[in-house]
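Thank you for making time for this short talk. Please have the sequence and the structure open while I speak, and follow along strand by strand.

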Amino acid sequence: MMNDRLTELLSRNLAGEATDAEVQELQQWLQLHPGDQYFAEILHTYWQHHRAVQPLQDHTPDQHFAHILEMATGQPEQEFARPGILRRMFRIAAAAAIVAAIAGTVWALIPRKQHDVIAAQPKVNEVVAGRGIRSKMVLPDGTQVWLNSDSKLQYSAGFSDSTREVELEGEAFFDVVKDPAHPFIVHTSAIDIKVLGTAFNVKSYSQDKTIETTLIHGLIEVTNKTKPELPKIILKPKEKLVFNKFAGAESAGADRADLTVRTGTAAAAIAITALPAHIADTSLVETSWVYNRLIFEGDTFQDVAVKMERWFNTRIHFRNEKVSKYRLSGSFDKESVEEALQALQYIAPFQYKINNNEVEITD
């Protein structure tokens, strides 16, 4: 049976009456319960379809919403069109009726042809962490996953049947339950990472030039999907692999003297560096976000801005190219975006203006 609170949140959200706190509560619920996210999408599509039907000119708004109720429940329209009932109550009631109706007969609301297509496809669970949100989840095998802001993780309903495979867009930290009979594989746009039981970080944002994976403990095997004929790479604890998605135009890590290339002809695409052994995971640039810390060391202001956009759910625009090239080092944890900018002003000369979610950086 559907959770009563979930029903209420879905109804209010469909009706456009949910508060910001209720919208956030619903998003958090769907992140923790991927199965409900699929159901919510069906509800949204159905609601949008029927809401788009324009009322007749001689129908009042209340009568129109009553008609939506009739479509959802099958009850005569006149039973709902009683004078004195507020329009927003009709909206919420209509949404609640649709939730209840679809909860009992979800497949009946989908055209037969479409139903056959959906039934033929394996179900995919999807977990999304929006900008400004970092979340934690546990996969069916017990593996713990931390999702960084602006990230998406997908896995099939048969996750543990043979191989445990997930697809990642964005950044995630995995603490994988060891199961030699069922290898764990992370698919990104350009590399695959195979493990048995280990803890590691993967950063694979579509807009970034590189894909990174950092091993904390255990062993991982990395395959270059663009050149599968090349030997697989075994990463050791406290090593970081950087894959350059545009290797044909530039060499990955060419400005890093400490990179040790171990891939022969793949040198232009993949490079490996050892992390400082004495630094705790909480203070490593690559994994500090798991502990709600954003650390940057010698990054350009432009690169820091990209991280801040995800971290604070904001947009940052530079009006001076010189400012965007400043090199910055520092860390944030509980600061707001304005507090973070004020702190950065102590180490770099610039001015800023904030308008809602937009930040303008000037000299």
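Strands β6 and β7 form a hairpin, and three residues lie between the two strands. I should say at once that this is a predicted model, so please keep that in mind through everything that follows. Within the hairpin, β6 and strand β7, which covers residues 191-195, run antiparallel and are joined by four bridges. If you would like one pair to look for on the screen, Phe 184 stands opposite Val 195 in β7.

On its other pairing, β6 is joined by four bridges to strand β5, residues 164-175, and here the two strands run parallel. One of the pairs you can pick out is Glu 167, whose bridge partner in β6 is His 187. As a general reminder, strands of a sheet pair through backbone hydrogen bonds, and they may do so in either a parallel or an antiparallel way.

Now, which way do the side chains of β6, residues 184-187, point? Phe 184 and Val 186 point one way, while Ile 185 and His 187 point the other way, and all of these residues are buried.

Let me move on to another sheet, with the helices that pack there. This is an open sheet of three strands, in the order β15-β18-β17, and the pairing is mixed. At the edges stand β15, residues 315-318, and β17, residues 351-355, and each has a single partner strand, so one side of each is left without a neighbour in the sheet. From one strand to the next, the twist averages 20 degrees.

Strand β17 and strand β18, residues 358-362, run antiparallel and are joined by five bridges, and in this pairing Gln 351 stands opposite Thr 362 in β18. Helix α7 packs on this sheet, where it touches β15 and β18, and its direction makes about 160 degrees with that of β15. Helix α9, for its part, lies across β17 and β18 and runs at about 175 degrees to β17.

How, then, are these helices placed against each other? Helix α7, residues 301-312, and helix α9, residues 337-344, pack at an angle of about 160 degrees, and their axes are 11 Å apart. Angles over 145 degrees count as roughly antiparallel, and α7 and α9 are therefore roughly antiparallel to each other. The crossing in which α7 passes α9 is right-handed. On the α7 side, the contact is made by Phe 301, Met 308 and Phe 312, and on the α9 side by Val 337, Ala 340, Leu 341 and Leu 344. Sorted by type, the residues of this contact of α7 with α9 are seven nonpolar, no polar and no charged.

I would like to finish on a single residue, Tyr 352, which lies in strand β17. Is Tyr 352 buried or exposed? Its relative accessibility is 18%, and because buried means under 20%, Tyr 352 counts as buried. If we leave aside neighbours within four places in sequence, the residues in contact with Tyr 352 are Glu 338, Leu 341, Gln 342, Gln 345, Val 359, Glu 360 and Ile 361. Tyr 352 and Leu 341 are eleven residues apart in sequence, and from C-alpha to C-alpha they are 7.9 Å apart in space.

Stepping back to the whole protein, the secondary structure comes to nine helices and 18 strands, and buried residues make up 42% of the 363 residues.

Definitions and conventions. Residues are numbered from 1 along each chain as its sequence is written. This is a predicted model: local features need pLDDT of at least 70, side-chain atom pairs count only at pLDDT 80 or more; totals for chains, interfaces and linings use all residues. Side-chain values use heavy atoms; hydrogens and water are left out. Axes are lines fitted to C-alpha atoms, for helices over the stretch in contact, and angles run from 0 to 180 degrees between N-to-C directions. Angles under 35 degrees count as roughly parallel, over 145 as roughly antiparallel, 65 to 115 as roughly perpendicular and the rest as oblique. A crossing is left-handed if the near helix is turned anticlockwise from the far one by less than a right angle, and right-handed if clockwise. Contact means heavy atoms within 4.5 Å. Ala, Val, Leu, Ile, Met, Phe, Trp, Tyr, Cys and Pro count as nonpolar, Asp, Glu, Lys and Arg as charged, and the others, Gly among them, as polar. Two strands pair if DSSP finds at least two bridges between them. Buried means under 20% relative accessible area, exposed over 50%, partly exposed in between (1.4 Å probe, protein chains only).
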